[in-house]
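Please read the following explanation alongside the sequence and the coordinates. It proceeds from the interior to the surface.

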Amino acid sequence: MRGQIAEPAGEVGADKDAEQLASLGYSYDSQFKREMTFWGNVSLGFTYLSPVVAIYSLFAASLGIAGPPMFWSLVIVGLGQFFVAVIFGEVVAAYPVAGGVYPWSRRLWGRKWGWMNGWVYLIALLTTIASIAYGAGPFLSTFLGMEGTTNSVIVAGLVVIAVATVLNLGGTKVLNTVAMFGLLAELGGALVVGTWLLMTARHHDLSVLFQAFGAGEGSSYFVAFAAAGLIGIFQYYGFEACGDVAEEVVNPGRTIPKAMRMTIYIGGFAAMFVCLSLILAVPDFGAVISGADADPVGNVLLAAFGPIGFKVVLAVVLVSFLSCVLSLQAATSRLAYSMARDGMLPGSKLLSVFSESRHVPPYALLLAGLVPALIVVGSKVSSDALTVIISFAAMGMYMGFQMVVLASLRARLRGWKPNGAFQLGAWGIPVNVAALVWGVLGIINMAWPRTPEDGWFANYVVLISAVAVVVSGLIYMTWKKPHLKGDAPAGDAIPVGSARNAEAVVAAPKDER
């Protein structure tokens, strides 16, 4: 029962974590087991961020749009997302509650803001799981020697989702172990592949990183570079997953902020190393830019490793896709469970069920498997519908991020002083502003129309999908008023005197702020 204090757990660290959770309005004796280590937490964020998935999925498109200089987008986006990561670190240190962006934004701003952020981010996560699972299809088909048909891609996607769901149902310890294996496999594979390409298959020197080779001709090169920069935007999210499992980590106020930063460091290095090695190994940039070489990654790897080595590399890539889906599902289920135990979602009673034997929310995990599976199967009926749904994935992630960043800045300006183990001090407001500016620029870049010849719908599908998600959330919030349910504290980051305190909000749940 929320807010009641039970007997101490036994270990000093666990006691302090339980006490902090109780002070935030949740059970002293958390249902989750704190079995996730620091490196397990890093692994969760890393495999969610998954440099192999991001680079291998978007390398051809980005290189074709902007040429080799697209590499620098990884540096630029990495810096921008680092600002976001340290803001998240400061927030999670103050509010180490399962679910990430939903409880953070709820505490920083209020009920409505928390509900809308959770709604947007939950849909973004569900669509991202579908997009990653669907993206694994061609790699699995190639690995099995099958033709990459729509049916084979769908089956492959469903297999990836099913395996990840079964592993997640095994509990936190299984998640910790599999995530660490995924990190070792993906990071080790990235280092081995990148080193081998640089040693045996390099066709260019570093000067090509400053040459466009005809990419972007006919318009401003900045426009082409911004479009190619989507590879970086798709690459650098995942660190927030470290905070989604805050109730499963010992000493989360110190562990999680450090793990978030480590995720950026390791993931960014791996992504840049793989991307650089691939760029220098592409024999003909002109062929990629013109579209004559539609699969530069596959062609480079096959030429460098031969048929057998290529299969081994594909196996590592498939492990990366699986571990990415696994981590995404874990984050999604914790968000859904966090919202459901506060009565925020349709079907909250079912989604808030907790398995005492496995210490996971089983129905929230099934939600994170069934909905993406339905989206993947839906591609058989309408590929256009799949495109619309998945187009929202990265945009939704950034919207969810920036709702927390904006709430954090607003709370600071109204008197909030972070009190967790990780604090930015005097740098708080400048970094918060930098994170907000960066995020807004990233959202604009994703929504910007770039292909007028394809018609208005193709140009505005990302914006249309984002508006549809927000509007549907507003309609549901107005109709069912889910933000008024439950007695979890809200808006209590802002001190008494600047705004109503948490007790006032809890005592008067009909307050619709």
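**Core, helices, salt bridges and surface**

In helix α16, which covers residues 362–381, the buried residues are Pro362, Ala364, Leu365, Ala368, Gly369, Pro372, Ala373, Ile375, Val376 and Ser379; buried denotes a relative accessible area under 20%, exposed over 50%, and partly exposed the range in between, with a 1.4 Å probe and protein chains only. Helices are DSSP runs of H or I with at least four residues, numbered from the N terminus. The model is predicted: local features require pLDDT of at least 70, side-chain atom pairs count only at pLDDT 80 or more, and totals for chains, interfaces and linings use all residues. Residues are numbered from 1 along each chain as its sequence is written, and side-chain values use heavy atoms, with hydrogens and water left out.

The length of α16 can be checked against its residue count. The expected span is 1.5 Å times one less than the number of residues. For the 20 residues of α16 this gives 28 Å, and the end C-alpha atoms are 29 Å apart, which agrees. Just before this helix, in the loop between α15 (348–351) and α16, lies histidine 359. Its phi is positive, about 60°, although histidine 359 is not a glycine. Histidine 359 counts as buried because its relative accessibility is 19%.

A second non-glycine residue with a positive phi, about 55°, is phenylalanine 213. Phenylalanine 213 is placed in the loop between α8 (172–200) and α9 (221–228), and its relative accessible area of 37% makes it partly exposed.

The interior is considered next. The largest nonpolar core comprises 159 residues, and those with the most contacts inside it are Ile55, Tyr56, Phe59 and Leu197. Helix α14 gives the most to this core, with 22 residues. Such a core is a set of buried Ala, Val, Leu, Ile, Met, Phe, Trp, Tyr and Cys residues joined through side-chain atoms within 4.5 Å. Leucine 197 touches, among others, Leu278, Val300, Leu301 and Phe305, leaving aside residues up to four places away in sequence; contact means heavy atoms within 4.5 Å.

Within helix α14 (residues 296–341) lies valine 325, which is buried because its relative accessibility is 0%. With residues up to four places away in sequence not counted, valine 325 touches Ile129, Ile132, Ala133, Val160, Ile161 and Ala164. Valine 325 and alanine 130 are 195 residues apart in sequence, yet 8.6 Å apart from C-alpha to C-alpha.

How many salt bridges does the structure hold? There are five, each defined by a side-chain nitrogen of Lys or Arg within 4 Å of a carboxyl oxygen of Asp or Glu. In one of them, glutamate 90 pairs with arginine 412, the closest N and O atoms being 2.3 Å apart. Glutamate 90 belongs to helix α4 (residues 72–94) and arginine 412 to helix α17 (residues 383–413), so the pair ties together parts that are 322 residues apart in sequence. Another salt bridge joins glutamate 248 and arginine 334 at 2.9 Å, N to O; both residues are buried.

At the surface, Leu413, Ile429, Val433, Val437, Val440, Leu441, Ile444 and Trp448 make a nonpolar patch of about 750 Å². Helix α18 (residues 428–447) gives the most to the patch, with six residues. Patches consist of residues with over 30% relative accessible area and no salt bridge, with like charges joined within 9 Å and nonpolar side chains (Val, Leu, Ile, Met, Phe, Trp, Tyr) within 5 Å. Valine 433, found in α18, is partly exposed because its relative accessibility is 37%.

Methods: Accessible areas come from the Shrake-Rupley method with a 1.4 Å probe; for residues, only the protein chains shown count as cover. Helices (H or I, at least four residues) and strands (E, at least two) are DSSP runs, numbered from the N terminus.
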